[in-house]
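Here are some short exercises to work through with the structure in view. Try each task yourself before you read its solution.

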Amino acid sequence: MEINNPCITCGACCASFRVSFYWGECSNGFGRVPAELTEEVTQFRRAMIGTTGKNLKCVALTGEIGNCVSCSIYEVRSSVCREFAFSWQDGVQNERCDSSRVAHGLSPLKPSGGRKAA
């Protein structure tokens, strides 16, 4: 992860959305996501524990949202996590990123990748 990556001081998405993916991404399939950190959603989909009910927070998220966070399984995280871009990362606003930030009391990101002034 880049040093100037706003994700390392955010983590809001990890505490806002269900993180579900194809079961084969788990270690008990052909993937590397630790199966013991997931739960069954359907016959073919699993989700990270902590992301399917109320008071969402992925079991793999460590640290304090909005301060300093990390993913304890970053190197083996699911495709849905790998594909989730922070807002303006590729020059495109990610409304889901911004809405999760706002829900956790953080400002949406500006096109420069920095924080919007309060």
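**Exercise 1.** Sort the lining of the largest pocket by class: how many residues are nonpolar, polar and charged?

*Solution.* The model you are looking at is predicted. Start with the nonpolar class, which supplies 22 residues of the lining. Next come 5 polar residues and 6 charged ones.

**Exercise 2.** Describe the largest pocket: what is its volume, and which residues lie nearest its centre?

*Solution.* First, the volume of this pocket is about 680 Å³. Then look at its lining, made up of 33 residues. Nearest the centre you will find Cys7, Cys13, Cys14, Cys81 and Phe84. Finally, turn to the elements: β5 (68-71), α1 (79-83) and α2 (95-103) each give two or more residues to the lining. The largest share, 4 residues, comes from α2.

**Exercise 3.** Why do cysteine 14 and cysteine 58 form no disulfide?

*Solution.* Recall that a disulfide is a covalent bond between the sulfur atoms of two cysteines. The cut-off to apply is a sulfur pair within 2.5 Å. For cysteine 14, the closest cysteine sulfur belongs to cysteine 13 and is 4.0 Å away, so it is too far for a bond. For cysteine 58, the closest cysteine sulfur is that of cysteine 14, at 6.1 Å, which is also too far for a bond. Over the model, the count by this rule is 0 disulfides.

**Exercise 4.** Is each of these two cysteines buried, partly exposed or exposed?

*Solution.* Buried means under 20% relative accessible area, and exposed means over 50%. Cysteine 14 has 24% relative accessibility, so it counts as partly exposed. Cysteine 58 has 10%, so it counts as buried.

Terms used. Residues are numbered from 1 along each chain as its sequence is written. This is a predicted model: local features need pLDDT of at least 70, side-chain atom pairs count only at pLDDT 80 or more; totals for chains, interfaces and linings use all residues. Side-chain values use heavy atoms; hydrogens and water are left out. On a 1 Å grid over the protein atoms alone, a cavity is a set of points where a 1.4 Å probe fits but cannot get out, and a pocket is an open set with protein on both sides within 12 Å along at least five of seven lines; lining residues have an atom within 4 Å of a point. Grid points are joined across faces, edges and corners, and a volume is the space filled by probe spheres set on the points. Ala, Val, Leu, Ile, Met, Phe, Trp, Tyr, Cys and Pro count as nonpolar, Asp, Glu, Lys and Arg as charged, and the others, Gly among them, as polar. Buried means under 20% relative accessible area, exposed over 50%, partly exposed in between (1.4 Å probe, protein chains only).
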